[in-house]
Amino acid sequence: MSLDAPRGTGADLVEDWTSEPVLESTTPFEGMIFDVVRDRVDLGEGGVVTRDYITHPGAVAVLALHEFDGVDHVMMIRQYRHATGAHVWELPAGLLDVDGEPPWEAAARELGEEVDLVAEEWHVLADDVTSPGAFPETVRIFLARGLRDVAQEDAHERTAEELTLRPLWVPLDDAVDAALTGRISNSATLVGLLSAGLSRSRGWSTLRPRDAAWTAREAQRDRR
């Protein structure tokens, strides 16, 4: 690995979602949302190794964009996350925990449940794998536009952490600045904000259909 390493182009950046052979697999811990799995993996020249990782059903996040006074604003939420012991700023998000529910529909459900919004236009903005070495949570970030309020009679009754959730419309440029200056730490939110800022500068030409193929998630589901 040096300056003499091969050089390539963007066309070379294709991930291979094929697992190496697993010789033995156990589940030392089973939790409410995720499990801890321990595999003995044959890496060929790298030998046989033992690796622990956390399974996860996957998740979606929504970058809801609306124009106020000619300025693009993004819906941010401040929510308590006990695992980090902090109240953090995020995009509306949730688990893919309904069997058979398409990811974009899960995103629409979460947008309504968390911030009382409905969107007419949905696109895939970016995909994220939280921590490929240990926590392969697959997250798809959607761009939602054409927003309107949920009808009052359809409003979701919030509980637990969602009960104290704080919504805030922020100019997209300000939110991107917050991401770049270290004031936002949630990975899916960082990916979403930076992707939106860059995609907008390219006339949104990078957006994908709401039902675009999601190879990383399919690979994770096949392993379970």
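Here are some short exercises with worked solutions on the predicted model above.

**Exercise 1. The largest core**

Find which residues of the largest nonpolar core touch the most other members, and which elements supply the core.

*Solution.* Start with the general expectation: in soluble globular proteins, nonpolar side chains tend to be buried together. Here the largest nonpolar core has 24 residues, and Leu63, Val74, Leu125, Ile141 and Leu193 touch the most other members.

Next, look at where the core residues come from. At least two residues each are supplied by β4 (59-68), β5 (71-81), β8 (117-131), β9 (135-149), α2 (172-180) and α3 (187-201). The largest share is that of α2, with five residues.

Now zoom in on Leu63. Leaving out residues up to four places away in sequence, Leu63 has contacts that include Val74, Leu91, Leu125, Phe142 and Leu193.

Finally, check for another core. There is a second, separate one of 23 residues, and among its members are Ile77, Ala119, Trp122 and Ala216.

**Exercise 2. Aromatic pairs**

Classify the pairs Phe68–Trp169 and Trp104–Trp122, then work out whether their rings are buried or partly exposed.

*Solution.* You need two values here: a pair of aromatic rings is described by the distance of the centres and the angle of the planes. The model has three aromatic pairs by this rule.

Take Phe68 and Trp169 to begin with. Their centres are 5.3 Å apart and their planes make 65 degrees, an edge-to-face pair, because edge-to-face applies over 60 degrees. Phe68 belongs to strand β4 and Trp169 to strand β10 (residues 166-171), so the pair ties together parts 101 residues apart in sequence. As for accessibility, Phe68 comes out at 32%, so call it partly exposed. Trp169 is at 28%, so it counts as partly exposed too.

Then turn to Trp104 and Trp122. With centres 6.3 Å apart and planes at 50 degrees, this pair is tilted. It links helix α1 (residues 103-115), home of Trp104, to strand β8, home of Trp122, across 18 residues. Both Trp104 and Trp122 are buried. Add Phe142 and you have one aromatic cluster with these two tryptophans.

**Exercise 3. Arginines over rings**

Identify which ring Arg145 sits over and which ring Arg210 lies over.

*Solution.* Follow the charged end of Arg145 and you arrive over the ring of Trp204, 5.2 Å from its centre. Do likewise for Arg210: its partner is Trp104, with 3.7 Å to the ring centre.

**Exercise 4. Placing Ala213**

Locate Ala213 in the chain, decide whether it is buried or exposed, and list what it touches.

*Solution.* Ala213 is in the loop between β11 (208-209) and α4 (215-223). Its relative accessibility is 66%, so it counts as exposed. Skip residues up to four places away in sequence, and Ala213 touches Arg140 and Arg208. For a long-range check, take Met32: it is 181 residues from Ala213 along the chain, and their C-alpha atoms are separated by 28 Å.

**Exercise 5. An open sheet**

Work out the strand order of the open three-stranded sheet and which strands stand at its edges.

*Solution.* The order reads β1-β2-β3, and the pairing is antiparallel. β1 (22-30) and β3 (48-54) each have a single partner strand, so they are the edges, and one side of each has no neighbour in the sheet. From one strand to the next, the twist averages 20 degrees.

To finish, inspect β1 and β2 (residues 35-42): six bridges join these antiparallel strands. Val22 stands opposite Val41 in β2.

Terms used: Residues are numbered from 1 along each chain as its sequence is written. This is a predicted model: local features need pLDDT of at least 70, side-chain atom pairs count only at pLDDT 80 or more; totals for chains, interfaces and linings use all residues. Side-chain values use heavy atoms; hydrogens and water are left out. A nonpolar core is a set of buried Ala, Val, Leu, Ile, Met, Phe, Trp, Tyr and Cys residues joined through side-chain atoms within 4.5 Å. Buried means under 20% relative accessible area, exposed over 50%, partly exposed in between (1.4 Å probe, protein chains only). Helices (H or I, at least four residues) and strands (E, at least two) are DSSP runs, numbered from the N terminus. Contact means heavy atoms within 4.5 Å. Rings of Phe, Tyr and Trp (its six-membered ring) pair if their centres lie within 6.5 Å; planes under 30 degrees apart count as stacked, over 60 as edge-to-face and the rest as tilted. A charge sits over a ring if NZ of Lys or CZ of Arg is within 6 Å of the ring centre and within 35 degrees of the ring normal. Two strands pair if DSSP finds at least two bridges between them. Axes are lines fitted to C-alpha atoms, for helices over the stretch in contact, and angles run from 0 to 180 degrees between N-to-C directions.
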